[in-house]
Amino acid sequence: MLREAERIGASGVVVANTNECGRSTREFLESAANVRVPVTFVASKVIKEIRSMQQRAGTLQLDQPQPEGKARQEAFVYISILGNGQRRERNILNHILASTHILLASMVVLALFVYLSLACSIGSLRYIPREIAPEIFGSRPEPIDKDVLEKLPLVPVEWSMSGHYDTDEESQYETPCCESNTATDTIQQQLVGMILCADVPDRFSSTHLHKHLQPTSRDIFPNTELRLSKVRTYGFDYDYTLARYTDKLPETIYTMIRDVLVKKMLYPPALLALRYDSTFAIRGIVYDKETGWLFKLDSNYNIAMDTIHYGREPLRDLEEVYSLHNGPHVAPDYVKNHLYHLNDIYSVPEATLLADIIQHFSEHNIPFHPRYLAEDIRAAGESIHKGDGISLSPLHTVIMNNISDYLNRAPELLQILNTLKSEGKRLFLLTNSGYQYVDKGLTYMFNTPEWRDVFDVVIVGARKPGWYLSHRPFRLVPTAKSTAMQPWAPVDQFEEGQVYSGGNLMSFTSITGYSDRNVMYFGDHIYSDLRDPSIQKGWFTGAIVSELKYELSVIQRSEYRQCVSYIQLLEKILKYSQQEARGSEFMRLPAKEKEAFRHLLDKGRAERRRTRWKLRDCFNTNFGSVFRTEKYPSLFATKIKAFANVYTADLSNLGKYPSDFVFYPKRMEQAHETRMPEVDDLLDEILYEKSHTS
């Protein structure tokens, strides 16, 4: 790595972590001793090893934080942004301060080099500081040898500054996530100076991090501080909370709704040929009942413009959006009256069917109103879910007749519930599903028909979210153990072993005596399970978001981390370039060179767009991540943060945590606050080292 830096004529190397480059600190220092390239460590070095090897290092320079002018001349190749080295016998406060100062100096160097790279790429050095440019480049930057360039694992540099940038939008949807490009345009040769690591293609993968400190799908993620010792009562929804459905369920829902539309609601028989595509839609998107568009909203109710679909096709003419909303923002009244929120997992096949039918109608010139289509699909969905309100619904009948095809066994959940029970916790089940369906499902999942014994109260047919504000009374449900009961009799207390339906939150609290601030309820639906319990009664709430497992696997891939780093680099380039374009020296340039520079910025913005699409496609090629819209949280993620104290991928993750565990939320920086990533790295490594030496 260092020899490559020497070969390309680097003035120096800034190293944040040698382990990220595939070797230990000792091996790195030994190899650096024979290379005459100044090295600056900006984070996480083993001080004892460095001190003991300084004499052996010979020409190796271990720089302390430098003044801005000196640092500009001593750092050229930025090797790693991840702090992951071993830290021993170092005062934590001093190290934080030193690392922060060096990091700031390194960022000055990086920003300066970005500016120099852009300036040189358009053939002008006149607005580069004259006293600095010759010392780094000489009169002109020398081209880098192609063999050297090919050996370096570049961040994906498709930003061709020689006019070869492909602006065909069709090709963007087919571009693999973060595919590398080895083109050797001048600007790419300059960007070699900002390579984030060398010799290790997977430098951003979690294999180089402390795996036990990285988020996994087995973790519970807090939005607020939560002390489990305060929780005396745990409540659970059934569907997609206790019940783990297989991937066959969404396909069945799609097929059954489609058949109802054709056979009972007079939709064209040709729709029977439609097949469910599990890759099209995600949870959390919205359907516009006036335009027929499907799209994703961010936390500020702005439309993610690259997610708008009409049918199965992306909306090409974005002027329609601007003419309707005067920009990407959707007004609150429009949201309330015209948008259909697809927030639960059941709604994913509905979204796919909406798109498929609109596509079919458009291709065959069949007139329709988007609102009627949404209402019909919603009505068909309710008919298969709820049935006639007396017998089992059609969907529940199908699942019960083929239960092993639709449900996964979960005996460990019963063990977790029994553990909570043994610790003195009270447990209740609160679900909209009927008793027969829940009984068959939990008996199969828990491998025992005695599942009711673990719950203090079982409530089915609750009709959430209306349950939280309604005044409907509770009523007894006939079961195999209570054949002599009278289901029409009033309920003023909950008896052990009995099952109840209906009711309301106020009566539930009155009968049970459960203290509001000691109750925690887990569910998967924002409005049916999370919003009203937290707002009306102040319950603690936990969201089950099964998509977390896939999303975490994506963000820990090296190619995704490369893309994130790359787009941040592009934004820094654009930021500093725009600042320079306002400077007095730039204003004195000839008009031709000014135009060339502005053209360069346009290409940078286009590359940022391309990279943003790639980040989206890493999750879903149509709508991206469930949790993000580029830089901002999605509306779905915002609601999870607002109404859930914690969220996790699976309820069984609760078993990882002791009953007195305290969840601490991650500190969220505001735009005006200074970020200190090195502090997190330092604390993580101290904890890691302590766990391995104790």
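What share of the contacts in the protein chain with a separation of 6 or more comes from residues 24 or more positions apart? The figure is 78%. The notes below start from there. The model is predicted.

1. Overall make-up. The protein chain has 694 residues, and 55% of them are buried. Its secondary structure comprises 27 helices and 21 strands. As noted, residues 24 or more positions apart supply 78% of the contacts with a separation of 6 or more.

2. Helices α11 and α14. These two pack with their axes 9 Å apart, at an angle of about 45 degrees. That angle makes α11 oblique to α14. The crossing of the two helices is right-handed. On the α11 side, the residues that meet α14 are Pro 250, Ile 253, Tyr 254, Ile 257, Arg 258 and Leu 261. On the α14 side they are Pro 349, Glu 350, Thr 352, Leu 353, Asp 356 and Ile 357.

3. Aromatic pairs, and one that involves α14. The count of aromatic pairs is 29. Tyr 267 and Phe 361 form a stacked pair, 6.3 Å centre to centre, with 15 degrees between the planes. The pair links distant parts of the chain, its two members being 94 residues apart. Tyr 267 is in the loop between α11 (248–264) and β7 (285–288), while Phe 361 belongs to helix α14 (residues 347–363). Are these two rings buried or exposed? Tyr 267 has a relative accessible area of 12%, so it is buried, the cut-off being under 20%. Phe 361, at 5%, is buried too.

4. An edge-to-face pair. The ring centres of Trp 451 and Phe 455 are 6.2 Å apart. Their planes stand at 75 degrees, so this pair is edge-to-face. Trp 451 and Phe 455 are both buried.

5. An aromatic cluster. Which residues do ring pairs link into a cluster? The phenylalanines are Phe 428, Phe 474, Phe 494 and Phe 508. The tyrosines are Tyr 468, Tyr 500, Tyr 514 and Tyr 521. Trp 467 and Trp 539 complete the list.

6. Charges over rings. Arg 409 lies over the face of Tyr 444, at 3.9 Å from the ring centre. Lys 575 has its charged end over the ring of Tyr 576, 5.5 Å from the centre.

7. Asp 306. This residue lies in the loop between β8 (293–295) and β9 (309–310). Why does Asp 306 count as buried? Its relative accessibility is 18%, and buried means under 20%. Which residues is Asp 306 in contact with, leaving aside its neighbours within four places in sequence? They are Arg 612, Trp 613, Arg 616 and Asn 622. Two arginines, Arg 612 and Arg 616, are thus among the contacts of this aspartate. As for Phe 295, it is eleven residues from Asp 306 along the chain, and the C-alpha atoms of the two are separated by 8.5 Å.

8. Helices α15 and α16. Helix α15 (residues 370–386) and helix α16 (residues 394–401) have axes that come within 4 Å. The axes cross at roughly 50 degrees, and the two helices are therefore oblique to each other. Ser 383, Ile 384 and His 385 make the contact from α15. Pro 394, Leu 395 and His 396 make it from α16.

Definitions and conventions: Residues are numbered from 1 along each chain as its sequence is written. This is a predicted model: local features need pLDDT of at least 70, side-chain atom pairs count only at pLDDT 80 or more; totals for chains, interfaces and linings use all residues. Side-chain values use heavy atoms; hydrogens and water are left out. Rings of Phe, Tyr and Trp (its six-membered ring) pair if their centres lie within 6.5 Å; planes under 30 degrees apart count as stacked, over 60 as edge-to-face and the rest as tilted. Buried means under 20% relative accessible area, exposed over 50%, partly exposed in between (1.4 Å probe, protein chains only). A charge sits over a ring if NZ of Lys or CZ of Arg is within 6 Å of the ring centre and within 35 degrees of the ring normal. Contact means heavy atoms within 4.5 Å. Axes are lines fitted to C-alpha atoms, for helices over the stretch in contact, and angles run from 0 to 180 degrees between N-to-C directions. Angles under 35 degrees count as roughly parallel, over 145 as roughly antiparallel, 65 to 115 as roughly perpendicular and the rest as oblique. A crossing is left-handed if the near helix is turned anticlockwise from the far one by less than a right angle, and right-handed if clockwise.
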